[in-house]
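Biologist: I am new to this structure and would be grateful for a close look at a single part of it. Please describe one loop and then, for context, one helix pair.

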Amino acid sequence: VLSPDSETPLSAMADAAAAAGLDELCVTDHCDLLELYGAPVDHYDWPPAMEQYQQTAPRYAGKLTIRLGLEFGMPHLNPALSRTILDQPELDFVLGSVHNLCPERGGTDFYYVDYPDEAACYAALDDYFASMAKLAVTDFYDVLSHIIYPLRYMDHPISLDRYGDQLDAIFQSAAERGRGIEINTWRGRTLKEWLPVLRQFQSQGGEIVTIGSDAHTPDGVGKGVREACQVLQEAGFRYLATYEKRKPIFHTL
């Protein structure tokens, strides 16, 4: 098990990607510097991830390009450790993410936070975007992951309107560093929700957008990717990005 989100081997995900008609698959196992309930993490176990990647990628040569990625959760909490973890020459792509409340508020993953009312939702989002702002000004990511992540778990009519200025600052920080954002389709469940986010990112000079389906199992691989390309075009973007050795490659939509 390389990630708390999945026990599926890379070969099974690659088979699903090829069957879904994808040209490229980047696996981004989690490395969160806080565990699900806030305990700090002090390392990432690269050897088994590298072994699986090196055994699997050559077998798909000619039919599917497989890239080595990492979803790096809250790397701003420990800069020295983050630099060590990212010192991996084979690494193609790094998603920068925030899954947890800040340590001062307990560090619980947003999946496990209670949202009894709108006030609780906004308190969590206040914390979420404050952490993302700290992440955005670092060099520990290529693309900011699933900007609207906590909304998945909130059964209340929540608007991001109050976070307009904060998002502007976050997106400006990313754009100025040549970084991007991800459309995360959540296995095809979030698509149109990305349209205002993309337009706001673009208004702050953002140009780099990747697409991920957050597919923890083979049946989720590629879900919503084609539709996300349409949303990207609707927002006024002309290109989709993939990454190789931490450098963006642009594909015309």
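**A loop and a helix pair**

Modeller: Arg 246 has a relative accessible area of 23% and is therefore partly exposed, since that term covers values between the buried limit of under 20% and the exposed limit of over 50%. The model is a predicted one. Arg 246 is placed in the loop between E7 and E8. Its backbone deserves attention: Arg 246 has a positive phi of about 70 degrees, although Arg 246 is not a glycine. Most residues other than glycine have a negative phi.

Lys 245 belongs to the loop between strand E7 (239-244) and strand E8 (247-252). For Lys 245, phi is near 50 degrees, which is a positive value in a residue other than glycine. Lys 245 has a relative accessibility of 41% and so counts as partly exposed.

The helix pair consists of helix H5 (residues 164-176) and helix H6 (residues 194-203), whose axes come within 9 Å and cross at roughly 55 degrees. H5 and H6 are therefore oblique to each other. The crossing in which H5 passes H6 is right-handed. On the H5 side, the residues that meet H6 are Gly 164, Leu 167, Asp 168 and Phe 171. Their counterparts in H6 are Val 197, Gln 200, Phe 201 and Ser 203. By character, the residues in this contact of H5 with H6 comprise four nonpolar, three polar and one charged.

Terms used. Residues numbered from 1 in each chain as written. Predicted model: local features only at pLDDT ≥ 70, side-chain atom pairs only at ≥ 80, totals over all residues. Heavy atoms only, no water. Axes fitted to C-alpha atoms, helices over the stretch in contact; angles between N-to-C directions. Helix = DSSP H or I, 4+ residues; strand = E, 2+ residues; numbered from the N terminus. Parallel < 35°, antiparallel > 145°, perpendicular 65-115°, else oblique. Left-handed = near helix turned anticlockwise from the far one by under 90°. Contact = heavy atoms within 4.5 Å. Nonpolar A, V, L, I, M, F, W, Y, C, P; charged D, E, K, R; others polar. Buried < 20%, exposed > 50% of the residue type's maximum accessible area, 1.4 Å probe, protein only.
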